[in-house]
Every structure is written in structure tokens, then in C-alpha cells.
Amino acid sequence: MHLSSSLLFTSALLAGGINASPATNAYRRQNADLRTILDDTTPILSNTTSVHFPGSGDFFSATERWDVYRPPSYQAAITPTTEADIVSLVKMAKQHNIPFLATGGRHGYGTSLGRLQDGLAIDLSHFKDVKIDKRRETVTIGPGVVFADVFPVVSDAGFQVQTGTCSCVGMIGATIGAGIGRLDGVHGLVIDALESVRMVTANGDIVEASKTKNPELFWGIRGAGANFGIITQATYKMHKSMGDIISFDLIYEPEKNVTLFNTIANMYLPPGLTVETIMSYNQTTEKPTIIVSSTYAGGSEAEARRWMQPLLRLNPWYKDIKAIPWKKMSTETTLGLDKEACANSQVYDIYGVNLRRHDANTWVKTFNKLAKLWNEQPAARPSAVVLETWPNQAVVAVPDSQTAYPWRDATTYVLIQMRWDAPGNPVETVADAVGREIRDDLAKTSGYNGLTVYVNYAHGDETLEQMYGRNKLPRLARLKKQYDPSSVFKFHNPLPTSYP
């Protein structure tokens, strides 16, 4: 086991229990010598496992996040290299009452994660294996794998698999919330490709879950998986390649917002066609703008153009239409902004909302509120609202009862991204209020009975029912009580052990 620190570590992790501050609802450790705890644990960890303390470059590498808005904080980070190490670390943390987060892509941004302060980071970045079984048409990955790792391996084997839109997101982390993306209409959610997992539970047991092994746990993992343990391996069913993806990147003048939003709201999407609408501020033209990033899977460019005619007829001022390999679907769509979007250590104050009804008037209202914010608060001009309108034919073909995920009938997932340059900017108060107001507006006309949100897009202030669905919660609570009765895994939109 390797220890690294450029500073003398004098801070303490507590052995005396968790202190939850009423003011911040944060969990902190107090009055325990972390080095002593780690020394006691060293004999049972592999020699390649690394331990890092604040002040070292390795600590930063093991804890750096995509989003620095209300983040968790750590007094130590451990990078295990074997599944047995993960088992030992979970047992150690539970024995000494050390709050921890196990992280893969470190792309999670819900504010509930920030309730962990001065805790322990279990960095799973070592587990980067991507293994193809062509005979079974499956791909098996570790918890450190991000979508960028999956695309080339799966594609080169002649297959495709459901993914999210950004290349830098951890695949397992995205999966256990449901996993939404541009192949939803053709193949379903990412959880619909999931065949099995290996998981370390709160007691340090290794369990396998699939439709035939621990099927009830497998049901819960597919929609609320962050609540039950650390997944060390996941296997997915692949699909034969459909060939190239047809990509449309279109930019419209702000004056066309009413016509554009009405067109999108009333547009039929066949299974292979997605429409991502981005309301943003163009720093070059210094005015609001609307970007549409569409993809078409499973057909020719001519066929794609026919489906896209309602949008093409509106004469965008910028247009880029091209065929791209599926493995470049993240990096070569959306104006090639994936690298910029994946940059770490940015401020993202995000609110999410599901839509199953498209109300163009509300979208116009949203755009106008953003334009007002950008005009009055230049520091908030990086803010944007993203509407991911994914066809859901294959999603709704899976019976609702088969997985814990409750929102299969959603047709658009909205990301309200309030942004500014760095933590502490006074624009936060205004921008955050606008973000909440936009969420409330969209929820009122969403077609649901109030706010609902895809759990991976949750801000952290939503109710359990708004994230997990009232009908799913009794069953989920029973699973939580069975696999994590003491709520070891409590920082990612946690479930209760009883409901109601």
C-alpha cells in the first residue's frame, strides 16, 4: 500500500461517530487518527493500493470532480486495485464509522453528495477493463470505465451499446440511475442493456445480481443502484452495429425561438431520431442563441433529412450535416463541444425536470427568462438550458414493473445548468433563483402531476417521490433495509429503510 502526501497530515478522521451539522446537514468525522486506522488496515490491502492525503498531486487526481458546486470534501483518498481491497475498505469504513464515497467518473453533481465533508474517497479509477464476449454479444466493464473507453472497443468489435451523450461520464454511474441517451428509441435505456452486476454490499459481502440471481436486488439497481453497494463489474448486452450516425448541428437566431419551439414540440420522432435543444448565450455574437443537435440512427442521410425537414425548413443560420461513426457520437456531435463540456473543476448548479408533454409556450418563457438573466447578469452567461428530446419507443416497450426506474414515459429530459466562473461569485444567488423558477415553470406544464426528475439529473432538494416515484418506494425501501440497513450508502439521493 502506497502513501502519498506533500504536507504533514494533521487533520483527523473521527472514530467516535458521525456528526451531522444541523446547519449544513453535512456528515463529518472527528477525533480519530486516520493514519492509525490505515496502519491497522494495511496488512489486508494489496501492495498496489495507494493512499493519498490533501496537498499531494495524487490526492487531487483521485478526488478532482467535474462539478465544484457544493462538493464533498475528503481528508484522505484511497485508490484500490483489487475487488478484495474494496471489500476491506468498506468493512474498515463501517467499523470505524467513516463516511465515504466510492467514485468512478466523478461526474455526479447532486448537492446531496456535498453532505459528505471531511470524509474518505474510494477512487475506483483503476478498474478500467472493457472486455468483449463476441459469442455472447456482451461487454463487461469495471467501475472506472467512462463512455469514452467503451465506444472504440465495442465499435471495433462490430457492435453498439446504449450510452449517455457526454464521453466523460462513468458508464456504471450513469447506468444505475437508468442511463438515458441517443439510442433510447432504438434499444432502450442503458439499464435495458444491463445483464448482470457484481456488488460489494454495506457489510462487505460480494453479491451477484441479474434476472436469475438476486432478481429483486437487480430490479432495484436498475433505477436506484447507488443505494445498495459498490458495483465492481457490470455486463451489458450489445447490439449489432447499425452503421454510421447522421448528425445535424443547427444554430438559429433568437428571433426564431417561438417558431422553433413550436416545431420541436409538435415534431414526430421515429425511433432513430433525437433532438437536443440548447438555449445558450453566444459569446461571439453577444446575444442569445438556440442550438439544435440531432442524430439519426439506423438509416441513410436522405432518410434522416426527410425526418428533419420541419427543422431544416426554418433555415438555421448555421448548418452542419454529416455521417459519423457511432464511436464518435459524443465527440463529433453538438458542434464538437464534448471536450469543453467535459472539462473538470467547473461550476454547474443544475436542476432537472422530466417532460411527457411539450408546451412550447413554457419553452418560450424559459428562453425569455434566460435572456433577461444574461442581459442583467453577465457573469451568468455560461448558463444554459438543455432539452434532451429522445424518442422512447424502445423505452416504453419494457414493462414499467421490470425495473425500479419510474419515468419510462418521459419524452424530454431537461437540464437547467446555472453557471458562473468560480465558487463564491455573488451571481450565484440570482442564478440559482432563476434556475429554480425555470424548473417550477416546466414542471407545471410537464404532463406529470407536479415535478418529476431523472435521479441522475436531480439537484438534491427534490422529494423521494419526485425522484423515485411513489409506487416504487415501498419496494425500494425494503431493499434498502435488506442490503444497507444502517445507511452506509447515504450521499447520493438516499433511500429510506422504510416507506411510508
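## Close-ups of a predicted model

**View 1. Asp192, at 24% relative accessibility, counts as partly exposed in this close-up.** Keep in mind that the model is predicted. The side chain of Asp192 meets that of Arg408 in a salt bridge, with 2.7 Å from N to O. Asp192 sits in the loop between helix H6 (184-187) and E11, while Arg408 sits in the loop between helix H12 (393-396) and strand E21 (412-418), so this pair ties together parts that are 216 residues apart in sequence. And Arg408? At just 4% relative accessibility, this residue counts as buried, because the cut-off for buried is under 20%. Elsewhere, Glu83, Arg198, Glu208 and Lys213 are joined into one network by salt bridges that share partners.

**View 2. Helix H7 (residues 215-224) is largely enclosed by the rest of the structure.** That's because eight of its ten residues are buried. The buried stretch takes in Leu217, Phe218, Trp219 and Gly220, then carries on through Ile221, Arg222, Gly223 and Ala224. So what does the covering? Strands E11 (194-200), E12 (206-210) and E13 (230-237) are among the elements that cover the buried residues of H7, and so are helices H14 (464-468) and H15 (473-483).

**View 3. Five strands make an open sheet in the order E8-E9-E13-E11-E12.** The pairing is antiparallel. At the edges are strand E8 (130-133) and E12, each of which pairs on one side only. From one strand to the next, the twist averages 15°. Zoom in on strand E9 (residues 138-141) and E13: they run antiparallel and are joined by four bridges. Within this pair, Val139 has Tyr236 in E13 as its bridge partner. Helix H4 (residues 147-156) lies across E8 and E9, at about 25° to E8.

**View 4. Lys128 and Asp149 meet through their side chains in a salt bridge, 2.6 Å from N to O.** The two are 21 residues apart: Lys128 belongs to the loop between strand E7 (119-123) and E8, and Asp149 to helix H4. Both ends have some exposure: Lys128 is partly exposed at 36% relative accessibility, and Asp149 is partly exposed too, at 22%.

**View 5. Glu137 and Lys240 form a salt bridge between their side chains, with an N to O distance of 3.6 Å.** Here the partners are 103 residues apart, with Glu137 in the loop between E8 and E9 and Lys240 in strand E14 (residues 239-240). Lys240 counts as exposed, at 54% relative accessibility. For context, a search of the whole structure turns up 28 salt bridges.

Key
Residues are numbered from 1 along each chain as its sequence is written. This is a predicted model: local features need pLDDT of at least 70, side-chain atom pairs count only at pLDDT 80 or more; totals for chains, interfaces and linings use all residues. Side-chain values use heavy atoms; hydrogens and water are left out. Buried means under 20% relative accessible area, exposed over 50%, partly exposed in between (1.4 Å probe, protein chains only). Contact means heavy atoms within 4.5 Å. Two strands pair if DSSP finds at least two bridges between them. Axes are lines fitted to C-alpha atoms, for helices over the stretch in contact, and angles run from 0 to 180 degrees between N-to-C directions. A salt bridge is a side-chain nitrogen of Lys or Arg within 4 Å of a carboxyl oxygen of Asp or Glu.
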